[in-house]
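Reader: I've got a model open and I'd like to learn how to read its salt bridges, its helices and its interface. Could you walk me through it?

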Amino acid sequence: MQPVQYAIDTKPRPWTQCLLAMQFIYKFALLLVLPVVLAKTLQLNQSQTASLLSTVLLLSGIASMAFANTRLGGGYFLPVQASIPYFALVLYIGKNYGLAAIMPLVCLAAIFQFFFAWVLPRWHGQLLREMVAVMLMMLGIWAGMLGVDELYHPGSLGNIFVHGSMFAYQHLDIAASVPGIVTLLIVVALFFTRKHRLHAILYAMLAGSVIGWLLHTVPTSHGHYTNAVTWLAWPHLLLIMHWQWHWSMLVPAILVGFIASMQTLTLTYVMHHRCEQQPDQSRQRRALFLSALTTLVSSVAVMPVSIIPGSVGDSYISNAFSRYTGYWYGVMMLVLACMPKLALLLLLIPASVNGAAIIAMGAMMVLQAWHLLRVMTLPAMRSKVFGVVIILAIGTLTVESLATWINGHLPWLTNPAEALALVLAGVLLVLLYVRGGLYD
Amino acid sequence: MTKLRRANNLLYGFNERPGFWTTIVLSLQFMLFPSVSLVFPILLVSHAHVDPITAASVISISMMVIAVVTVWQSLALRRGGSGLFFSPSNAPPYLAPSLAAVSIGGLPLVFAMTMFAGVVQIIFSQVLRWIQDYFPTEIAGLVLLLIAVELATVGLAQYHQAYVATHFTGHFSGERALLLLLPIVLVLGLSIYGPKLLRLYAVVIAVVVSYIVFLSAGAMDPNDWHIITTAQWFFVPHMSIGHWHFDPALMIPFALGGIICGFKLVGSVVAIQNIQFEDHDGHDPRQIRRANMIDGFGTLLAGFLGSMGLNVSSSLVASSVAERVSARVLAYPLATIFFLASLCPKFSMMFVYLPKPIIAGILVPLGCSLFLSSLKMLLKHAKTAYSRFTLAIAFILGLSQNVYPAIYKDMPHIVHLFAGSSIAIAAIFALLANALYLHVPRKQRSADV
């Protein structure tokens, strides 16, 4: 396989690190809409919303830098932002049980993440690689579908999560899709050359943004938030210190904690794999512990923060995995925490441009999952099992009635297909082990 | 030229002959797959509101043409065939244009446009050799990957329809849940966890057992059962030769249908060729051309006699690949069964009106096994980082058509013509990306994988 341009412990030139970090900031700025949507759903006032955003940015910046440090977080580039796996859970709890119910349940999930941090790295071998591949594939497919929706149906990203369904479709906007289509074509074209591949996403998104601004396809739905904040402000935290407990959400919280842990393990595993290194279990354990700590600390702030699962897709496209980028990313997030208006202005990136970048990111994750699965040498019985798992998981996205049914019954999961794939794979592999055909 | 070695895990190759009873059982098993798609002409005639004789004739003619084309494909290359065990079935790419045609001009329009689509596919089969570089083998893998997803999607949708039907009629219970899950549990259980002998016949065992259980439990749809029991034992179909009407406005959708079927067939042929030999890289273009041409003639013949367009049965190919069975001698008993069934409506109705859970139990496992075998083909032939990346994007875009059909339906008419199916979207993107790559000077390309 083509060697990576910057491996995990390689230190690129400062300007390269800076540009890479900017690429990730620009690419994942759209996740700031999640706390905005949450605030809207929980009916927080503008001041509380501003505090929520500030808290998310501050904690994300600190956590990202901690992950980059080998002693604290294992030494990986794992950018942190508003948590995708926890978003649907927090939204569901907030809507149905109130603000005060969020903290204790997310705390509990974080505690279980500590447990998973101790257990999961002990798991190694072919089965771990295959499970990681399944997880990565479902993440990539989910991201890809999100990207297509944003590409053709530009709107607030959070609407996807609020409606809880992939089929939240209102209308097609061809004119607004043009910047996105151009962005996707530029990413593909820049992928040709090794030189420009490093910053392909950034260049493509900037070009698409310029076209979007010229065509007046900039989203305005969050304009009132942008107007309400200032350019400069000290970060101020939104802390909710009163709490209520609800036993009915115990299992969902633990499951979401497990998924968040598995995502961290997946990302660290694939980074080692891509850099042609054996997974370092002690580093992975530190990353998992830090991930649990990040969730625990951010649980008091309503919107937990966690690593961005799709970030590895962008790392694959740019072929750069250097952990030093994490420091620059963290610093930039802290700057955004002190410049709230600038942070919200990043939400003005045309949605179709974001969509195109997400499609490219999702496609790369799917591709790497295919590599990881090693279908050429997969034993026949496990091959059948994984075929069943993947197809049934994809089927929960492609069959509208099934997707609606699942989203209706599991509204607290951001990506039910991913969870289904994990559970199904686990069950079928256990049955195969009992039958004695796990390695046939 | 290095002689290719027979693949170790191949059960029956092109020119091999299974035992007599194995041939019969395998033929019955393989018959199930094209039979499922006979639901398409049933949909067509229900939209056409024609008399029962005409309706039954359309279905019977489909089966006759399936029999003829199956035998023709199986003939050796030197005898005018392609040497492949391929059975066609009524093709999904033709369903939407056929339904549109029947609402505009009735069955005569459907038949004429179907003949046109057949001609397009025949021409496509002959020009493919000049555009081969623009249609590399890995795109065939991509096409099959999306077919696998479509098979599973249709199967799971059948399950959900069956669940809803029992739930809303108030008959849903634990017993019904067991009935719903029985076919798929049997197929998956036997094919993954069963003894080696039963794995080969998993589908036919599951169908027979499930059908018996459904009949015993009274779980068949009463309307479907009434149709089966009142169907005639013997019937000569009425052929609509000469009753045609051509409309230029429908040329593009039917032409696209023909081209998509052509692409799909290429992927299917390559999949079958690849299971024959160890380390087989590439494909036999002459066999592909011939198979494509025969497939096109099948559609032409279907339109000529009075039925819907045909294309190689994806589910049969998936089963062949999964079971590593490609003996072309199986074509003869299979064709005989189809021909006799075409004259016996009662027998054919038993397959047309298979209970939905049984259809799902066939399609979903097939989609599962085809997915990984297509992935193997795709990764084996896609040698560069760029081609793999663009194929992955094409896969995402193609899959999105299944997830967001409403978005694609709302597209401008000219785009919708090319974006009417997941395979079309993915194939067009992959072809364009590949064409772009071919025109970039080598020194400007990134280092390959």
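**Salt bridges, a helix and an interface**

Author: Let's start with a pair: A:Arg129 and A:Glu130 form a salt bridge through their side chains, 3.7 Å from N to O. The term stands for a side-chain nitrogen of Lys or Arg within 4 Å of a carboxyl oxygen of Asp or Glu. Before we go on, this is a predicted model, where local features need pLDDT of at least 70 and side-chain atom pairs count only at pLDDT 80 or more, while totals for chains, interfaces and linings use all residues. Residues are numbered from 1 along each chain as its sequence is written, chains are lettered from A and ligands numbered from 1 in the order in which they are written, and side-chain values use heavy atoms, with hydrogens and water left out.

Reader: Are A:Arg129 and A:Glu130 buried or exposed?

Author: Buried means under 20% relative accessible area, exposed over 50%, and partly exposed in between (1.4 Å probe, protein chains only). A:Arg129 counts as buried because its relative accessibility is 8%, and A:Glu130 is buried at 1%.

Reader: Which other side chain meets A:Glu130 in a salt bridge?

Author: That's A:Arg382, at 2.8 Å from N to O. A:Glu130 sits in helix 7 of chain A and A:Arg382 in helix 19 of chain A, so this pair ties together parts 252 residues apart in sequence. Helices here are DSSP runs (H or I, at least four residues), as are strands (E, at least two), numbered from the N terminus. A:Arg382 counts as buried, at 0% relative accessibility.

Reader: How many salt bridges does the structure hold over all chains?

Author: Four. One of them joins A:Arg283 and A:Asp9, at 3.0 Å from N to O. A:Arg283 is in helix 14 of chain A and A:Asp9 in the segment before helix 1 (14–28), 274 residues apart. A:Arg283 counts as buried at 11% relative accessibility, whereas A:Asp9 is partly exposed at 37%. A salt-bridge network links A:Asp9, A:Arg283 and A:Arg323.

Reader: Now a helix. How do I read helix 6 of chain A?

Author: The general idea is that an α-helix has 3.6 residues a turn, so residues three or four places apart point the same way. Helix 6 of chain A (residues 102–119) has 18 residues and reaches 26 Å from its first C-alpha to its last, close to the 26 Å expected (1.5 Å times one less than its number of residues). Its buried residues include A:Ile102, A:Gln113 and A:Phe116. The buried residues of helix 6 pack against helix 5 (84–97), helix 13 (250–274) and helix 14 (281–298) of chain A.

Reader: And what about the interface?

Author: Interface size is often given as the accessible area lost when the parts come together. Chain A and chain B bury about 5200 Å² between them (accessible area lost, 1.4 Å probe, summed over both), 80% of it on carbon and sulfur atoms. In chain A, A:Phe192, A:Trp370 and A:Ile391 lose the most area to chain B, together 16% of what that side buries. In contact terms (heavy atoms within 4.5 Å), 59 residues of chain A touch 56 residues of chain B.

Reader: How many salt bridges cross the interface of chain A and chain B?

Author: The rule finds zero.

Key
Buried area is the accessible area (1.4 Å probe) that two parts lose on being put together, summed over both.
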